[in-house]
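Student: Could you take me through one part of this model in detail? I'd like to see how a pair of packed helices sits beside the nonpolar core.

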Amino acid sequence: MLSIKIDEEKLIAILQPEGPLSEKDFQLATNQLAPFIKNSKRLNGLIIYTKFFPGWQSLPALFSHFRFVKNHHQKVSHLVLVSDSILTNFATLVIRHFIKPKIKVFPYHEFEKAKKWVVSTVVKNNTLPL
């Protein structure tokens with residue numbers, strides 16, 4: 001299960017996995033985020049908020065994840081991983097070479113700080129709508 005919340009004013013999406021990710025989760029994310037990104041032309045931040053990374057239900061789910069990233073990363077300016085998983089630091093070292101967004105990691109208990117970082121960074125770069 002994947003919970004998705006969109007802050008339409010700040011153009012931030014918060015994705016919160018609540019178990020191993022499935023193909024259906026990435027279809028849901030595409031159905032909710034693609035129209036929003038199309039209308040707003042961008043997403044200032046995508047925050048992935050999970051205590052520990054839950055993994056994927058199957059190999060097709062992993063491939064769905066790759067397709068989701070491939071189809072959306074060009075329109076996202078910041079990716080924030082808010083987690084206590086030891087995989088987050090390793091993942092950022094790998095994925096920063098393949099995607100456009102600036103990436104930052106915060107401990108799970110610093111969700112609000114992570115959100116403020118996205119907002120302050122995009123305001124500084126004049127990408128936040130007035």
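Tutor: Here is a walk from the helix pair to the core, with a stop at two backbone oddities. This is a predicted model, where local features need pLDDT of at least 70, side-chain atom pairs count only at pLDDT 80 or more, and totals for chains, interfaces and linings use all residues. Residues are numbered from 1 along each chain as its sequence is written, and side-chain values use heavy atoms, with hydrogens and water left out.

Start with helix H1 (residues 23-40) and helix H2 (residues 59-72), which pack at about 10 degrees with axes 9 Å apart. That makes H1 roughly parallel to H2 (angles under 35 degrees count as such). Axes here are lines fitted to C-alpha atoms over the stretch in contact, with angles running from 0 to 180 degrees between N-to-C directions. Helices (H or I, at least four residues) and strands (E, at least two) are DSSP runs, numbered from the N terminus.

Who touches whom? From H1 come Glu-23, Phe-26, Ala-29, Thr-30, Leu-33, Ala-34 and Ile-37, and they meet Pro-60, Ala-61, Ser-64, His-65, Phe-68 and His-72 of H2 (contact means heavy atoms within 4.5 Å).

Now the core. The largest nonpolar core has 18 residues, and Leu-33 is among those with the most contacts inside it, along with Leu-2, Ile-4, Ala-13, Leu-15, Leu-43 and Leu-46. Such a core is a set of buried Ala, Val, Leu, Ile, Met, Phe, Trp, Tyr and Cys residues joined through side-chain atoms within 4.5 Å; buried means under 20% relative accessible area, exposed over 50%, partly exposed in between (1.4 Å probe, protein chains only). Strands E1 (2-7), E2 (12-17) and E4 (78-82), plus H1, each supply at least two of its residues, and H1 gives the largest share, 5 residues. Take Ile-4: leaving out residues up to four places away in sequence, Ile-4 touches Ile-14, Leu-15, Leu-28, Ala-29, Gln-32 and Leu-33. A second, separate core of 12 residues includes Tyr-49, Val-80, Val-118 and Val-119.

Last, the backbone. Most residues other than glycine have a negative phi. Leu-11, in the loop between E1 and E2, has a positive phi of about 60 degrees although it is not a glycine. Lys-41, in the loop between H1 and strand E3 (45-49), also has a positive phi, of about 75 degrees. Leu-11 is buried at 6% relative accessible area, whereas Lys-41 is exposed at 58%.

Terms used:
Parallel < 35°, antiparallel > 145°, perpendicular 65-115°, else oblique.
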